[in-house]
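Open the model in your viewer and keep the sequence panel beside it. This tour goes from stop to stop, saying what to select and what is there.

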Amino acid sequence: MTQGANTMSHSFLADEELWSTTLRQAMDCEDWDGVLSASRSVLAMDPDHLVALEGKAQAHWRRHEFQAAIDTARKMIALNPVEPGYLCLQGACHQQLGRYVAAAECFGRALDLAKTPAMRKMVLTQIEGLEVLCGTRMVARDEDTPPVTALAAMGTMGPVSMRVN
């Protein structure tokens, strides 16, 4: 490795540490402009930085910029196609925009990928909310899967991180 490459790598790592601290502080304060700014700084250096993309998507979601969140989630899914949380985010954004068929498709794919009970529970909660809103079953699933309301009785239904698996 040349001296220049070593310096650049060290510089990037220092920038990433600074960005990580800035991002955490912005998220803790719910400073979504700050989250977007920090995310964009990292993405300018590394457009495939998954954590920066997650921050950007969450900021867009919180700011009700649903199409921007969908676009960011699409990139996250391309980088990590087996993460059901990204599909849930994309589905929730489609639902907010009234695109119920697209939401159902995202939630169905997320359910297929969900491996943990917590993730399955979160996806099923999203599906049930969509189906209540639409007044019809939107996503095919195993008949032995209990309704989410039955799952909710088994434990609390708090917010789940985008990345659980």
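Is the crossing of helix 5 and helix 7 left-handed or right-handed? Keep the question in mind while you make the selections below. The model is a predicted one.

**The whole chain**

Start with the chain as a cartoon. It has 8 helices and 0 strands. Following the sequence, you meet the pattern α-α-α-α-α-α-α-α. Of its 165 residues, 38% count as buried. If you take the contacts between residues at least 6 apart in sequence, 54% of them join residues at least 24 apart.

**Helix 5 and helix 7**

Select residues 84-96 for helix 5 and 117-134 for helix 7. Their axes are 11 Å apart, and the two helices pack at an angle of about 15°. That angle makes helix 5 roughly parallel to helix 7. As for the opening question, the crossing of helix 5 and helix 7 is left-handed.

Now show side chains where the two helices meet. On helix 5, pick Pro84, Gly85, Cys88, Ala92 and Gln95. On helix 7, pick Met119, Met122, Val123, Gln126, Gly129, Leu130 and Leu133. Sorted by class, this contact of helix 5 with helix 7 holds 8 nonpolar residues, 4 polar ones and no charged ones.

**Helix 6 and helix 7**

Keep helix 7 on screen and add helix 6, residues 100-113. Helix 6 and helix 7 have axes 9 Å apart and pack at an angle of about 155°. Why do they count as roughly antiparallel? Angles over 145 degrees are classed as roughly antiparallel, and helix 6 and helix 7 therefore belong in that class. Their crossing is left-handed.

The helix 6 side of the contact consists of Tyr100, Ala103, Ala104, Phe107, Ala110 and Leu111. The helix 7 side consists of Arg120, Val123, Leu124, Gln126, Ile127, Leu130, Leu133 and Cys134. By class, the contact of helix 6 with helix 7 has 12 nonpolar, 1 polar and 1 charged residues.

**Leu133**

Zoom in on Leu133, which is found in helix 7. Which residues does Leu133 touch, not counting residues up to four places away in sequence? They are Gln95 and Tyr100. Label the C-alpha atoms of Leu133 and Tyr100: these two residues are 33 residues apart along the chain, and the atoms are separated by 9.2 Å.

**Helix 2 and helix 3**

Move to residues 32-45, helix 2, and residues 50-62, helix 3. The axes of this pair come within 8 Å and cross at roughly 150°. That makes helix 2 roughly antiparallel to helix 3. The crossing of helix 2 and helix 3 is left-handed.

For the contact, select Trp32, Val35, Leu36, Ser39, Arg40, Val42 and Leu43 on helix 2. Then add Ala52, Leu53, Gly55, Lys56, Gln58, Ala59, His60 and Arg62 on helix 3. By class, the contact of helix 2 with helix 3 has 8 nonpolar, 4 polar and 3 charged residues.

While helix 2 is selected, find Ser37, which lies in it. Ser37 counts as partly exposed, at 43% relative accessibility. The C-alpha atoms of Ser37 and Ala26 are separated by 9.6 Å, with their positions 11 residues apart along the chain.

**Thr72 and His64**

Next, compare two residues by their surroundings. Thr72 is found in helix 4. Is Thr72 buried or exposed? Thr72 counts as buried, because its relative accessibility is 6%. Leaving aside neighbours within four places in sequence, Thr72 is in contact with Leu53, Lys56, Ala57 and His60.

His64 is found in the loop between helix 3 and helix 4. His64 is exposed, with a relative accessible area of 58%. Check its backbone too: phi of His64 is near 60°, a positive value in a residue other than glycine.

**The nonpolar cores**

In soluble globular proteins, nonpolar side chains tend to be buried together. To see this model's largest nonpolar core, of 30 residues, start from Met76, Cys88, Cys93, Phe107, Val123 and Ile127, the residues with the most contacts inside it. The elements giving two or more residues to this core are helix 2, helix 3, helix 4, helix 5, helix 6 and helix 7. Apart from it lies another core, of 7 residues, including Leu23, Val35, Ala38 and Ala59. Select those four residues for the last stop.

Methods: Residues numbered from 1 in each chain as written. Predicted model: local features only at pLDDT ≥ 70, side-chain atom pairs only at ≥ 80, totals over all residues. Heavy atoms only, no water. Axes fitted to C-alpha atoms, helices over the stretch in contact; angles between N-to-C directions. Helix = DSSP H or I, 4+ residues; strand = E, 2+ residues; numbered from the N terminus. Parallel < 35°, antiparallel > 145°, perpendicular 65-115°, else oblique. Left-handed = near helix turned anticlockwise from the far one by under 90°. Contact = heavy atoms within 4.5 Å. Nonpolar A, V, L, I, M, F, W, Y, C, P; charged D, E, K, R; others polar. Core = buried A, V, L, I, M, F, W, Y, C linked by side-chain atoms within 4.5 Å. Buried < 20%, exposed > 50% of the residue type's maximum accessible area, 1.4 Å probe, protein only.
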